Amino acid sequence: MTINSETEFRFLAEPTDVNFGGKVHGGMVMKWIDQASYACAAQWSKRYCVTVSANAIRFIRPILVGQMVTISARIVHTGKTSMHIYVVVRATDPKEDAVVVTNRCFITFMAIDESGYPVEVPHFEPVREEDLLLEKVAIHAKDFAKKLDQDFEQTLGWK
Ligand SMILES: CCCCCCCCCCCCCCCC(=O)SCCNC(=O)CCNC(=O)[C@H](O)C(C)(C)COP(=O)(O)OP(=O)(O)OC[C@H]1O[C@@H](n2cnc3c(N)ncnc32)[C@H](O)[C@@H]1OP(=O)(O)O
């Protein structure tokens, strides 16, 4: 059985999404990333999933009200219970052809059961050259984030 490893959300940026400067709030973009990645992780694991970590989130270009926003989320690496998802956000004026990449990040989800205990997830096996490269970078991001978690705990005394 093939499991779908990709999810795409597409919608218009609304006036309620923007800040005082007329650009979409960073927090709103993070919410969209979280939701699209949740759908991707739940679709892959067939379980309820929780966000563990968002790594390397980059705000490259602003998103403007009225632009059509596309959030593309794809599984690029799995551990025992974790799913590591690569997300790219794109924006375009629907009347025009030009599309810009506005954000990208890695986000990690964990599948849990009805009692909140972690459950194992299906293994993702990269096949295409691009998938192999993305998995390599996702593993770097995970290792870096875990090292940072350790630094917080050991150096600052709290997580
Ligand atoms: C039931 C009702 C259904 C209703 C259906 C409604 C649907 C509704 C729509 C939802 C719309 C959107 C929803 C979004 C989803 C939220 O927003 S969920 C809310 C936000 N997240 C949370 O509240 C989670 C809070 N955190 C926790 O509970 C715990 O930290 C966790 C996540 C359970 C992890 O527990 P832990 O024991 O500290 O984790 P640990 O064993 O160290 O690591 C677990 C895994 O994460 C990996 N990991 C650890 N640290 C990191 C790191 N920094 N970076 C990367 N990976 C890491 C580990 O390698 C491990 O993976 P595996 O090796 O097993 O593959």
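Thr-92 is buried, with a relative accessible area of 9%. Buried means under 20% relative accessible area, exposed means over 50%, and partly exposed falls in between, with a 1.4 Å probe and protein chains only. Thr-92 is found in strand S4. Helices (H or I, at least four residues) and strands (E, at least two) are DSSP runs, numbered from the N terminus. The side chain of Thr-92 reaches the backbone oxygen of Ala-98 at 2.7 Å. That pair is a polar contact: N or O atoms within 3.5 Å, where within protein one must be able to donate a hydrogen and the other to accept it, and residues adjacent in sequence count only if both atoms are side-chain atoms. Leaving out residues up to four places away in sequence, Thr-92 touches Gln-67, Met-68, Asp-97, Ala-98 and Val-99. Contact here means heavy atoms within 4.5 Å.

This is a predicted model: local features need pLDDT of at least 70, side-chain atom pairs count only at pLDDT 80 or more, and totals for chains, interfaces and linings use all residues. Residues are numbered from 1 along each chain as its sequence is written, and side-chain values use heavy atoms, with hydrogens and water left out.

Now step back to the whole chain. It has two helices and five strands. From the N terminus on, the elements run β-α-β-β-β-β-α. The C-alpha trace spans about 45 × 45 × 35 Å along its principal axes. A compact globule of 159 residues would have a radius of gyration near 15 Å, and the chain's 17 Å agrees with that. This radius is taken over C-alpha atoms, and the globule rule is 2.2 Å times the number of residues to the power 0.38. Buried residues make up 39% of the 159 residues. Among contacts between residues at least 6 apart in sequence, 71% join residues at least 24 apart. The chain exposes about 9700 Å², and carbon and sulfur atoms supply 56% of it. Accessible areas come from the Shrake-Rupley method with a 1.4 Å probe; for residues, only the protein chains shown count as cover.

Next, the ligand. Of the 20 residues around the ligand, Lys-80, Thr-81, Ser-82, Lys-146 and Asp-149 come nearest. A residue is near the ligand if one of its heavy atoms lies within 4 Å of it. Thr-81 places a polar side-chain atom 2.6 Å from an oxygen atom of the ligand. For Lys-146, a polar side-chain atom lies 2.8 Å from a ligand oxygen atom. Asp-149 pairs with nitrogen instead: an N or O atom in its side chain is 3.0 Å from a nitrogen atom of the ligand. On its own the ligand has 1400 Å² of accessible area, and the protein covers 52% of this. Five elements give two or more residues each to the shell: helix H1 (26-45), strand S2 (48-59), strand S4 (82-92), strand S5 (99-112) and helix H2 (129-156). S2 gives the most, with six residues. By class, the shell has seven nonpolar, eight polar and five charged residues. Ala, Val, Leu, Ile, Met, Phe, Trp, Tyr, Cys and Pro count as nonpolar, Asp, Glu, Lys and Arg as charged, and the others, Gly among them, as polar.

Strand S2 also holds Asn-55. Asn-55 is buried, at 13% relative accessible area. Its side chain joins that of Ser-53 in a polar contact of 2.8 Å. Beyond four places in sequence, Asn-55 touches Cys-105, Phe-106, Thr-108, Ala-141 and Ala-145. Glu-114 is another matter: 59 residues along the chain from Asn-55, its C-alpha atom is separated from that of Asn-55 by 27 Å.

Ala-56 lies in S2 too. At 47% relative accessibility, Ala-56 is partly exposed. Its phi is positive, about 60 degrees, although it is not a glycine. Most residues other than glycine have a negative phi. Lys-46 also has a positive phi, near 60 degrees. Lys-46 sits in the loop between H1 and S2. Lys-46 is exposed, with a relative accessible area of 59%.

Finish at His-77, in strand S3 (residues 68-78). His-77 is buried, with a relative accessible area of 9%. A polar contact of 2.8 Å joins the side chains of His-77 and Glu-135. Not counting residues up to four places away in sequence, the residues that His-77 touches include Ser-82, Met-83, Phe-124 and Lys-142.
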